[in-house]
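Student: I would like to take a close look at one part of this model, namely the way chain A is built and where it meets its partner chain. Could you guide me through it slowly, in connected prose?

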Amino acid sequence: MIVRSLIAGAVIAGTVAAAALFAGSADAQDTRKLLESRESLYNNIYVYGQGPYVSLTFGYNRNIYTESIFNTLDDRDLPVEYTRCMTASLIYAKNVNSILEIGFGGGRTSFYLHRFLPQIPVTSVELDPTVVELSHKYFGIMDEPNFQVVNRDGRIFLNESKDRYDIILIDAYRGPFVPFHLLTKEFYTIVKNHLADGGVVAQNVEPSTMLFDSAVKTIHAVFPQLDFYVAAGNVVTIAYDGPPRTADDLDRTARQRDSAYNLRYSLHDMLAQRRQIQIDGGTVIDPHAKVLTDDFAPVEALKAIEAHNRKWQ
Amino acid sequence: MAVTTANRALTILIFFNAFVVGGVLMGFEMLGSRYLFPYFGGGIGTWASLISTVLCALAIGYFVGGAVVDRYHSSRLVAAAILLAAIYLALVPATADPVMAKILNSIGDGPAAILLAAAALLLVPLSLLGTFSPVAVGLLTRSAEESGGVAGLVYGISTVGNVAGTLVTTFTLIPTIGSRSITYLYAAALAVCAGLLFLPIGKKSP
């Protein structure tokens, strides 16, 4: 499935420099070059090149949704800001011995982790076989030891897998939409059952609609601890079980792992983007938002309700 | 179509049923996706299984309904079929999860498993509902000359019901109440339809 980064057009303009190059509706004036367009089983895929950057985009209603951006000159660059925040999960995991990603897209997030943690097995699950194919063709994804891409629905993969992971990254989008069965309490319960002791879940959520409020409540219904990383246009939630981590503890672990893995994007710097909010009875999350279940998950309807002026204190 | 006063009530009743049965039929197909996705994924294979199962069920319903109506010229049999479908739907919310999990664990998630799951969910109730249209045409047709007109009306109204069921389920019911509640709602609607057909006006005077 899909990595979602940016909403088309003005929403994102001026936020991430590289990303902004690619944002805009399909008919907007720009200098990007269409490298390939494919109609896959699930998406209308357009691969654009502009300067050293290649972007994977899906077309929906005349809009283009950028799923992934790759800097062809720099294998370890993460041009899209929220994808860096997905790596904040490294600060929280008790151990880092295995990583699972659901929603591969261009594959840059998981490949970044693979580049800096080559000794750790990284598994990515992607529904669309054409997306996997294009990630190898244009996005520098290579078959290497400890790096595996599985062509499967994310929930089916977990249903059938007996493995446990220290970190699970969830970024499954189809253009603007999240498949409902990957955003329910039952789904997160399955995810939780696949976490190793002290494991964490990072989820990319787009905060401009009421779907965000329900998604946060749903994750919180399964995981008692929830931290937020606010990144241009997106929010990454980090969810984990057990007692809350103290700021000192996170600070110390971030420094330790920065030096252990020699990461491009410092975990310690990332802590500045960390937010903790009151989920029940607070001002950020709508008090009427409902927990999504396999029985009741109107993701399309919630996506259509805009949430104005969400204030991140 | 010539309608006598005595048969006017029956005609209205059958058109009403054609609409409601059509609505539940397609509404339940949309709902089928909510039952199947958590177990078999949101892939194109799941939709293909749902759609082909619904069409299979309709084919079975049409064949059986057409064969039966010429032998037993009564609305009671089709009322019984709708009642059975209602009972089946009423059992779905409580049993769907164990059945889906059983299929997933024993056969996996390939095309055969998804088709089996779709069949377990849809084939029986929708085949029963599928008998309604040919039976309705049989009950309302009194002469060969009017058969085309009757068939056109019944299938037209039923198809308008299909459209309404699809849209209302997708845009109103799923965003408002859960899939299980919607299933009970359908079962109740079908039970009402069956009850009306069991009324004396449901009997066609010779």
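Tutor: Before we begin, one term is needed: two residues are in contact if their C-beta atoms, placed from the backbone, lie within 7 Å. Please also keep in mind that this is a predicted model.

With that cut-off, 15 residues of chain A are in contact with 14 residues of chain B. On the side of chain A that touches chain B, helix H6 of chain A, which covers residues 154-160, gives the most, with 3 residues. That side of chain A can also be sorted by residue type, and it divides into 8 nonpolar, 2 polar and 5 charged residues.

Let us now turn to chain A itself, which is divided into domain 1, residues 9-71, and domain 2, residues 81-275. The C-alpha centres of domain 1 of chain A and domain 2 of chain A lie 23 Å apart, and the contact takes 20 residues from domain 1 of chain A and 17 residues from domain 2 of chain A. On the side of domain 1 of chain A that touches domain 2 of chain A, the elements that give two or more residues are strand E1 (33-39), strand E2 (44-50), strand E3 (53-60) and strand E4 (63-71) of chain A. The residues of that side of domain 1 of chain A divide into 14 nonpolar, 4 polar and 2 charged.

Chain A also holds an open sheet of 8 strands with mixed pairing, whose order is E7-E6-E5-E8-E9-E11-E10-E12. Strand E7 (147-151) and strand E12 (274-275) of chain A stand at the edges, and each has a single partner strand, so one side of each is left without a neighbour in the sheet. Within this sheet you can follow one pair in detail: strand E10 (residues 225-231) and strand E11 (residues 234-240) of chain A pair in the antiparallel sense over 7 bridges, and Leu226(A) stands opposite Ala239(A) in E11(A).

Finally, consider the partner chain, since chain B has 7 helices and 0 strands. The C-alpha trace of chain B spans about 55 × 30 × 25 Å along its principal axes. For 206 residues, a compact globule would have a radius of gyration near 17 Å, and the 18 Å of chain B agrees with this. Buried residues make up 44% of the 206 residues in chain B.

Methods: Residues are numbered from 1 along each chain as its sequence is written. Chains are lettered from A and ligands numbered from 1 in the order in which they are written. This is a predicted model: local features need pLDDT of at least 70, side-chain atom pairs count only at pLDDT 80 or more; totals for chains, interfaces and linings use all residues. Helices (H or I, at least four residues) and strands (E, at least two) are DSSP runs, numbered from the N terminus. Ala, Val, Leu, Ile, Met, Phe, Trp, Tyr, Cys and Pro count as nonpolar, Asp, Glu, Lys and Arg as charged, and the others, Gly among them, as polar. Two strands pair if DSSP finds at least two bridges between them. The radius of gyration is taken over C-alpha atoms; the globule rule is 2.2 Å times the number of residues to the power 0.38. A residue is buried if 20 or more other C-beta atoms lie within 10 Å of its own, exposed if 12 or fewer, and partly exposed in between; C-beta atoms are placed from the backbone. Domain bounds come from an automatic or database domain assignment.
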